[in-house]
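Visitor: Before we look at details, I would like each descriptive term to be justified by its criterion. Could you take me through the structure in that way?

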Amino acid sequence: MASIKKIEGKRGVSYKITVTKGRDSGGKQIRRFMTWKPEPGMTARQTEKALQRAALEFERQIDLGFRPDDRQTFQQYADYVVECKRLEGTHIRTVEIYKNLLPRINAAIGHLKLREIRPQHLNQFYANLSETGINAKMRSAYPKPEYLDAVKGVRHRELAEAAGVSLSVVSCSLASHISMDSAEKLCAALGLDLEDAFDIEPPTSLSPATVRLYHAHISAVLSQAVKEGLIPSNPASRATPPKVTPKEAEHLEPEQIMAILEALETEPLKWRLIIHFLLVTGCRRAEAAALRWSKIDFRKKIVMIDAALVSVSGGELVEGPTKTNRTRRLSLPDETLDLLREYRTRQMERYLSLGDAWRGESDYVFTRDDGAPLSPEAITRSATRWRRC
């Protein structure tokens with residue numbers, strides 16, 4: 001029979017439920033404990049009934065050999081689960097997505113112990129994610145004439161170092177959009193007001209698909225807790241994330257492709273080649289970033305796509321398998337091969353002129369001016385710019 005003790009503290013009333021289950025090898029009684037708190041607004045009668053049900057359920061769980069972990073919070077356990085995913089070989093990009101989702105999740109429920117999490121907590125979190133303005137820091141910033149004038153005559157590398165951003169961010173800030181966080185850093189380095197220097201996208205809410213991504217990660221963490229016997233059931237399975245309305249995939253029309261190719265004629269060779277390569281092959285941007293010269297057969301006119309370059313925490317680039325873990329061999333038209341030959345010649349000239357200052361591996365196709373591999377984000381910014389043409 002479970003014993004119940006009422007506890008009145010600064011955070012309100014709670015109840016300590018104790019179940020005694022036999023004795024250990026030293027003759028000491030084995031006791032199991034759990035703390036139960038009534039939901040806000042419960043009447044005394046409702047509290048009593050719910051408390052008795054909780055005590056009976058706890059006693060039943062002890063009889064079945066189940067012991068909840070009263071100490072681990074969601075944040076502690078989620079870190080453990082993500083590390084398990086990494087060790088078992090989950091795709092590095094998926095692991096990074098999990099890590100990127102955790103800060104918002106932990107801010108909402110990270111402090112709660114695993115057994116305390118209820119569907120209501122999750123539903124409230126999903127509602128908060130859907131509020132306008134939640135994505136404020138992720139907005140894009142587009143350069144205004146005042147910013148472009150201020151950058152004239154400033155060495156890009158010096159500006160990047162002063163602002164604490166990459167050289168590619170400075171380059172993108174002159175021709176495309178950058179994140180609001182990067183815009184703030186550049187303005188601080190130049191002594192400019194953000195609103196005078198950039199057009200900022202209006203605040204938005206997270207899309208239902210993104211909210212469901214948070215839900216999927218929470219559910220995965222709690223499912224592991226169920227599997228390991230830390231909680232009896234997964235509260236995420238009883239939560240209500242927003243529904244996602246399927247959208248028809250967008251495709252470029254032939255006239256749009258021709259307009260982009262024509263506009264690219266006046267662009268630097270590297271960016272012209274990147275967009276051309278993406279249009280011709282249809283490969284993912286991370287796959288283009290991982291492309292190596294050794295994967296291109298100029299004689300047979302084919303390219304092998306078998307890797308992806310991923311940006312992980314801290315900005316490090318890590319090469320891994322493709323999203324589908326499959327290798328593809330694609331045919332390349334003569335126009336693309338001609339662009340690749342011309343670009344390779346210029347890249348080798350740059351490599352030889354820099355000597356020891358060349359930072360990357362010479363086998364990567366798409367590199368920065370100093371030879372370091374070009375990140376998928378830099379390719380994304382370039383592709384987004386021309387998608388808007």
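Guide: Let us begin with a criterion: two strands count as paired if DSSP finds at least two bridges between them. In this predicted model, three strands satisfy it as an open sheet in the order β7-β8-β11, and their pairing is antiparallel.

Visitor: How do you know that β7 and β8 pair?

Guide: The criterion asks for at least two bridges, and β7 and strand β8 (residues 302-305) are joined in the antiparallel sense over two bridges. One partnership can be named, since D297 has I302 in β8 as its bridge partner.

Visitor: What makes β7 and β11 edge strands?

Guide: Each of them, β7 (296-297) and β11 (328-331), pairs on one side only.

Visitor: Which strands form the sheet that contains β2, and what makes β2 and β3 a pair?

Guide: That open sheet has three strands in the order β1-β2-β3 with antiparallel pairing, and its edge strands are β1 (3-9) and β3, each pairing on one side only. Neighbouring strands here are turned by 25° against each other on average, direction ignored. As for β2 and β3, at least two bridges are required, and seven bridges join these antiparallel strands. Y15, for example, has W36 in β3 as its bridge partner. Helix α1 (residues 44-63) packs on the sheet, where it touches β1, β2 and β3, and its direction makes about 30° with that of β2.

Visitor: How many aromatic pairs does a search of the whole structure find, and why is the pair of Y15 and W36 called tilted?

Guide: The search finds nine aromatic pairs. The ring centres of Y15 and W36 are 6.0 Å apart, which falls within the 6.5 Å limit, and their planes stand at 50°, neither under 30 degrees nor over 60, so the pair is tilted. Y15 belongs to strand β2 (residues 12-23) and W36 to strand β3 (residues 29-36), so that this pair links distant parts of the chain, 21 residues apart.

Visitor: Why do Y15 and W36 count as buried?

Guide: Buried means under 20% relative accessible area. Y15 has 12% and is therefore buried, and W36, at 10% relative accessibility, therefore counts as buried too.

Visitor: What makes Y147 and F198 a tilted pair, and which elements hold them?

Guide: Their rings lie 4.6 Å centre to centre with 40° between the planes, and a plane angle that is neither under 30 degrees nor over 60 counts as tilted. Y147 lies in helix α5 (residues 145-151) and F198 in strand β6 (residues 198-200), so the pair ties together parts that are 51 residues apart in sequence. Both Y147 and F198 are buried. Elsewhere, F277, W293, Y343 and F366 form one aromatic cluster.

Visitor: How do you know that a charge sits over the ring of F33?

Guide: The distance part of the criterion is within 6 Å of the ring centre, and the charged end of K16 sits over the ring of F33 at 4.5 Å from its centre. Likewise, R292 lies over the face of Y364, at 4.1 Å from the ring centre.

Visitor: Why are α3 and α10 called roughly perpendicular?

Guide: Helix α3 (residues 92-110) and helix α10 (residues 208-227) pack at an angle of about 85°, with axes 10 Å apart. Angles of 65 to 115 degrees count as roughly perpendicular, and α3 and α10 are therefore described in that way. Among the residues that meet there are I97, Y98 and L101 in α3 and L213, Y214 and H217 in α10.

Technical notes:
Residues numbered from 1 in each chain as written. Predicted model: local features only at pLDDT ≥ 70, side-chain atom pairs only at ≥ 80, totals over all residues. Heavy atoms only, no water. Helix = DSSP H or I, 4+ residues; strand = E, 2+ residues; numbered from the N terminus. Buried < 20%, exposed > 50% of the residue type's maximum accessible area, 1.4 Å probe, protein only. Lys NZ or Arg CZ within 6 Å of the ring centre and 35° of its normal. Axes fitted to C-alpha atoms, helices over the stretch in contact; angles between N-to-C directions. Contact = heavy atoms within 4.5 Å. Parallel < 35°, antiparallel > 145°, perpendicular 65-115°, else oblique.
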